[in-house]
Amino acid sequence: MRVLRALVQIAFLAGTVALMVRGLAGLTPNTCEAYCPFGGVAALFPLARYGQYTCRLTELNVSLMVSVFVLTIATKKSFCSWVCPFGTVSEWLSRAGRKVVGRSFHLPDRPDRLAMNLRYVVLVGALALTWTVWKGDLGFRAYDPFYILFTWGGHGTAAFSFYILFAILAAAVLVPFFWCRYLCPLGAVMDPLSRYGGLRIRRNPEACTDCRECDRVCPHQIPISQEIEVTARNCTNCLECVVECPEKGALELSCYGK
Amino acid sequence: MRKVIIIPTAIAVLVVAAFATANLYRVPTLVFPFEVERPAEVRSVEYIVEGVRCRGTSMGFVKMTAEIPGMISVTTYARNNSAIVEYDPTLTDPDSIREAFEALVEREGVRYQYFRALSQRDID
Ligand code: SF4
Ligand code: SF4
């Protein structure tokens, strides 16, 4: 399972890095922005209001956005742990951090839940500014770690963009999925769909010995050992809990409980 | 755990579906009607212009086109670098527009070289 997921992650990361290298070498005017599903979300208002796109957004952003929504309805937030190149970088950094520091850090329960709502603030702020102050320009790109990293300071970024990027990457070393968990606006859009996602982790209480290994390894602090079915909006179907569970048949992937 | 294969399969299918559906519809990046009276007959020509890559560069294209007589409107599609120009056939024709445009590109210098038209296609 881990190998399969890693292969898919590497494929998407390699594609994104290849695009970045070609862009930096001046071989293509395209950047990762052309393939970003959040671009589809940013395009919705000008499309509905003026029937035109914003900035560099095109049909591909809108179609990829729809695909990500369908994927989320089918498989929860698997986009985050299987596809998103920034999610992959965050995951690898936090793994490296655990190796070096010996542990990862989590906010206590209540502040953690409050901080997760920051994603909605980022979402509303990014869209509102794009459609008003930035007048259709994707000004958000100067603050978007995905864009800054995979264009290495492309059009619209500034020196402060790199400070933001390095701060977020440094935070990801200590706090698993710092950006994804607390700030990613695409994650916020996926939240309501993910709650009803069909493909979920299911715990069989008969086989489970309540060792809580699953709770310990879940990068999103989901209390799996207390659930029968994981419906939590932030489950990314990374399957770490299933891989680490010592009891055969205690945790499985299920499709709406089947 | 055979169900795990559902995830990469769904990802592959949905990525292919996104690329396929993106080619099924076309929404303009910019629609810019010039402030002129619409003549009785209007014709259109499509230019593929490498420099038309976004809304900003589309505006740059419009700014230059505005200097050419007989222009009615410009509609751009950044995804395929397309600029559809509506013109008054009593005042100009696709070749003259292209020549006038390339003269403007020449005048503006290196900064606008990427606005050279790569191809043109009469629509009417
Ligand atoms: S790791 Fe497996 S056995 Fe342990 S609590 Fe979780 S489901 Fe139960
Ligand atoms: S460890 Fe299990 S519950 Fe936690 S995010 Fe991954 S799949 Fe979901």
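## Two helices, one from each chain

Helix axes that meet at angles under 35 degrees count as roughly parallel. In this predicted model, helix H1 of chain A (residues 2–24) and helix H1 of chain B (residues 6–22) have axes that cross at roughly 25°. H1(A) and H1(B) are therefore roughly parallel to each other. Their axes come within 11 Å.

On the chain A side, the residues that meet the other helix are Leu4(A), Val8(A) and Phe12(A). Their partners in H1(B) are Pro8(B), Ile11(B) and Val15(B). Sorted by class, this contact has 6 nonpolar residues, no polar residues and no charged residues.

## A second helix pair, within chain A

Helix H7 (residues 118–131) and helix H11 (residues 185–195) of chain A pack with their axes 8 Å apart, at an angle of about 110°. Angles of 65 to 115 degrees count as roughly perpendicular. H7(A) and H11(A) are therefore roughly perpendicular to each other.

H7(A) contributes Arg119(A), Tyr120(A), Val122(A) and Leu123(A) to the contact. From H11(A) come Pro185(A), Gly187(A), Ala188(A), Val189(A) and Asp191(A). By class, the contact of H7(A) with H11(A) has 6 nonpolar, 1 polar and 2 charged residues.

## Domains and nonpolar cores

Chain A is divided into domain 1 (2–193) and domain 2 (198–255). The C-alpha centres of these two domains of chain A lie 26 Å apart. Contacts link them: 21 residues of domain 1 touch 19 residues of domain 2.

Which residues touch the most other members of the largest nonpolar core? They are Phe38(A), Phe86(A) and Phe150(A), in a core of 74 residues. This core takes at least three residues from each of the two domains of chain A. Apart from it lies another core, of 19 residues, including Leu30(B), Phe34(B), Ile68(B) and Val74(B).

Phe86(A) has a list of contacts beyond its neighbours within four places in sequence. Among them are Pro145(A), Phe146(A), Leu149(A) and Phe150(A), as well as Leu165(A), Ile168(A), Leu169(A) and Trp179(A).

## Cys32 of chain A

Cys32(A) is found in the loop between H1 and helix H2 (37–50) of chain A. Is Cys32(A) buried or exposed? Its relative accessibility is 4%, and residues under 20% count as buried, so Cys32(A) is buried.

Not counting residues up to four places away in sequence, Cys32(A) touches Thr16(A), Leu19(A), Phe146(A), Tyr147(A), Phe150(A) and Thr151(A). Leu47(A) is 15 residues from Cys32(A) in sequence, and the C-alpha atoms of the two are 21 Å apart in space.

## Lys76 of chain A and Asn81 of chain B

Lys76(A) lies in the loop between helix H3 (59–75) and helix H4 (78–83) of chain A. With a relative accessibility of 0%, Lys76(A) counts as buried. Its C-alpha atom is separated by 7.1 Å from that of Arg195(A), although the two residues are 119 residues apart along the chain. Leaving aside neighbours within four places in sequence, the contacts of Lys76(A) include Ser194(A), Arg195(A), Gly197(A), Val230(A), Cys235(A) and Asn237(A).

The phi angle of Lys76(A) is near 55°, a positive value in a residue other than glycine. Asn81(B) also has a positive phi, near 50°. Asn81(B) is placed in the loop between strand S3 (71–77) and strand S4 (82–87) of chain B. At 23% relative accessibility, Asn81(B) counts as partly exposed.

Conventions:
Residues are numbered from 1 along each chain as its sequence is written. Chains are lettered from A and ligands numbered from 1 in the order in which they are written. This is a predicted model: local features need pLDDT of at least 70, side-chain atom pairs count only at pLDDT 80 or more; totals for chains, interfaces and linings use all residues. Side-chain values use heavy atoms; hydrogens and water are left out. Axes are lines fitted to C-alpha atoms, for helices over the stretch in contact, and angles run from 0 to 180 degrees between N-to-C directions. Helices (H or I, at least four residues) and strands (E, at least two) are DSSP runs, numbered from the N terminus. Angles under 35 degrees count as roughly parallel, over 145 as roughly antiparallel, 65 to 115 as roughly perpendicular and the rest as oblique. Contact means heavy atoms within 4.5 Å. Ala, Val, Leu, Ile, Met, Phe, Trp, Tyr, Cys and Pro count as nonpolar, Asp, Glu, Lys and Arg as charged, and the others, Gly among them, as polar. A nonpolar core is a set of buried Ala, Val, Leu, Ile, Met, Phe, Trp, Tyr and Cys residues joined through side-chain atoms within 4.5 Å. Buried means under 20% relative accessible area, exposed over 50%, partly exposed in between (1.4 Å probe, protein chains only). Domain bounds come from an automatic or database domain assignment.
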